[in-house]
Amino acid sequence: FAQTVSFHSATLALAAMLAVEKQPLKESSSILQAMGLSGDLSHLNRDDPFHVKYRGSTVWTEVRGGLVAFLAMSYTMPVNVGVLGKAIPGMSTQLHVAIALSAAIGCFLMGGLSGWPFMLAPGMGTNAFFAFTVVLGRGLPWQSALAAVFVASCIFFLLSVTGLRTVMIRCFPHGVRDAIGAGMGLFLTFIAFQDSEGMGLTVSNKAVLVGLNSLSFDSYDAAKIWMSLLVLCVTAAFYAMKMPGAPMFGILLGTLICWIEGWLRGEEGTAFGYPFGINGVHTDPEFHMYLPKGILSEPRLDGLAGAFLQGLKSATNEHAPEFWSAVLTFCYTDLLDAAGTFFAVAKFAGLADATGELPMGRQNMAYMADALAAICGSMLGVSTVVTYVESGAAVSDGAKTGLSSLVTGACFLASVFLAPLVSAIPPLATGPILLLVGSLMFGEVKNVDWQDYEESMPAFLTIVTMAFTFNIGYGIIFGMVMWIVVQLLLMPYRFFKGIDPLLRIRGPLSDEQDAELSV
């Protein structure tokens, strides 16, 4: 049985109206769905929960995919604690708990409402903007910055309920939309190459901005890089053998080697000391090893959860300009990043229809879950909770339903108490997985018609801008702006040739194939 939920924008309520259909898995195309005002909860049924059988998956595949996604995203927790700790000092324990809880809630909401294998957590890009630009740069109190996140999240929710968010996303040009998956693959690869969250293959270079890190055994950091390359090659071989759980086994391999080496050789003798660039000097204040310092920790949220309430006054006091500027930035960043991730991961998982569109009912519910997760995150004390492109790690291991999201959420919930264990998963184990997932997602580039320059050139700009600016939203903006400008410049030419000047502009709005119409 299919359930259709109608959202009334006048009251902004979530009143559900159930309709019975004979074909529970068939996506209808009603006016309400086209406007973004209805959702699909048909995956919540007794016969085939989450449509696991219908999607050609199994419960174990979904569980394994959820575990893989969690392991691939685990590096974000210590990184985000470090970043947010710059703006919210003295609350590392509370930040870890808030990050883990908000990620768990986001995954539960996404898996339960949309039925899609999307994983959520506080975004690293938005965390950096929150800490270094809004709080430390503009001088906005961190409580006020959290209030800005809360207001922006409420705006996300209103856009989702009223359907405006879905309508806006449907206006993406086809070329840009087809390029998002490949752009995110390149984006993931760039993360994997870096030394903070990945393999450390690249370093900054004053002459050419980025260069290859030293692979000589005279360099202390070379051992970490070579170990990452070993994990990369072994996991790639697992993929080639079509081994179920290939990314999970790759992460476990790198993690166990790092832990065993650290236990045997200690701080003074380890070859896997972090961070990169300090030559393993264990007396350096930044030196650390990825070793579990225990198993359980006591969760705390005092002083952080609910702090946004103190910052709401900044909406009208002397901090108002900085406050509303932050709200605007958080709004458009989440809008574009979420849309890009949804399209890329859903198409990668084979969830898009024949025209490349996402099922409207599920798409609406996914946006709703994303907005609610962001609201919960701001109330707990973290910046915007977003859908992670690392969701592709679960998809690459066979996950196709929201059951995998629930598993990832359960892992994040457990990490509230298992912080010492989770934070000890090293980048040399997760970085190679991100690179391989990036290569799989880059395969989406085949959907771009490279002979159609009106679509392929904006698509290429979308792909490279995502990686070179380290921002998914910027890539979408640059690609769309270029596409619009090209269309405007072509209008006189088309009119002279007797072709409809609005030929391509009608395409994204009507969602039909391009057809040359005479004036």
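**Exercise 1. In this predicted model, find what the buried residues of helix H10 pack against.**

Solution.
- Step 1. Locate the helix: H10 covers residues 246-269.
- Step 2. List its buried residues. They are Ala 246, Pro 247, Met 248, Gly 250, Ile 251, Gly 254, Thr 255, Cys 258, Trp 259, Glu 261 and Gly 262.
- Step 3. Look up their partners. The buried residues of H10 pack against H2, helix H9 (222-240), H14, helix H16 (419-422) and helix H17 (427-442).
- Step 4. Check the axis of the helix. H10 bends by about 70° at Trp 263.

**Exercise 2. Determine which parts of the chain the salt bridge between Asp 397 and Arg 64 ties together.**

Solution.
- Step 1. Test the distance. A salt bridge needs a side-chain nitrogen of Lys or Arg within 4 Å of a carboxyl oxygen of Asp or Glu. For Asp 397 and Arg 64 the N to O distance is 2.8 Å, and the pair is a salt bridge.
- Step 2. Place both residues. Asp 397 lies in the loop between helix H14 (391-396) and helix H15 (403-415), and Arg 64 lies in helix H2 (residues 59-73), so the bridge ties together parts that are 333 residues apart in sequence.
- Step 3. Assess burial, for which the cut-off is under 20% relative accessible area. Asp 397 has 6% relative accessibility and counts as buried. Arg 64 also has a relative accessible area of 6% and is buried.
- Step 4. Recall the general principle: side chains of opposite charge can pair when their charged atoms come close.

**Exercise 3. Describe two further salt bridges, one of Lys 224 and one of Glu 454.**

Solution.
- Step 1. Take the count for the structure, which holds six salt bridges.
- Step 2. Lys 224 pairs with Asp 221 at 2.8 Å, N to O. Both Lys 224 and Asp 221 are buried.
- Step 3. In the bridge of Glu 454 with Arg 494, the closest N and O atoms are 2.4 Å apart. Glu 454 belongs to helix H18 (residues 453-468) and Arg 494 to helix H19 (residues 472-497), so this pair ties together parts that are 40 residues apart in sequence.
- Step 4. Arg 494 has a relative accessible area of 4% and is buried.

**Exercise 4. Compare the span of helix H19 with the expected value, and locate its bend.**

Solution.
- Step 1. H19 has 26 residues, and at 1.5 Å a residue the expected span is 38 Å.
- Step 2. From first C-alpha to last, H19 reaches 37 Å, close to the expected value.
- Step 3. The helix bends by about 40° at Met 491, with the proline Pro 492 following within four residues.
- Step 4. Buried residues of H19 include Ile 472, Trp 483, Gln 487 and Arg 494.
- Step 5. After H19 comes Gly 498, with a positive phi near 80°.

**Exercise 5. Establish the surroundings of Ala 371.**

Solution.
- Step 1. Ala 371 is in helix H13 (residues 360-380). With 0% relative accessibility, Ala 371 counts as buried.
- Step 2. Leaving out residues up to four places away in sequence, Ala 371 touches Ser 153, Phe 156, Phe 157, Ser 160 and Arg 165.
- Step 3. Take Phe 157 from that list. Ala 371 and Phe 157 are 214 residues apart in sequence, with their C-alpha atoms 5.0 Å apart in space.
- Step 4. Set this beside the whole chain. Of contacts between residues at least 6 apart in sequence, 76% join residues at least 24 apart.

**Exercise 6. State the overall composition of the protein chain in helices and strands, and its buried fraction.**

Solution.
- Step 1. The secondary structure comes to 20 helices and six strands.
- Step 2. Of the 519 residues, 56% are buried.
- Step 3. The accessible surface is about 21600 Å², and carbon and sulfur atoms account for 68% of this area.

Methods. Residues are numbered from 1 along each chain as its sequence is written. Side-chain values use heavy atoms; hydrogens and water are left out. Helices (H or I, at least four residues) and strands (E, at least two) are DSSP runs, numbered from the N terminus. Buried means under 20% relative accessible area, exposed over 50%, partly exposed in between (1.4 Å probe, protein chains only). Contact means heavy atoms within 4.5 Å. Accessible areas come from the Shrake-Rupley method with a 1.4 Å probe; for residues, only the protein chains shown count as cover. The bend at a residue is the angle between axes fitted to the seven residues ending there and the seven starting there. The expected span of a helix is 1.5 Å times one less than its number of residues.
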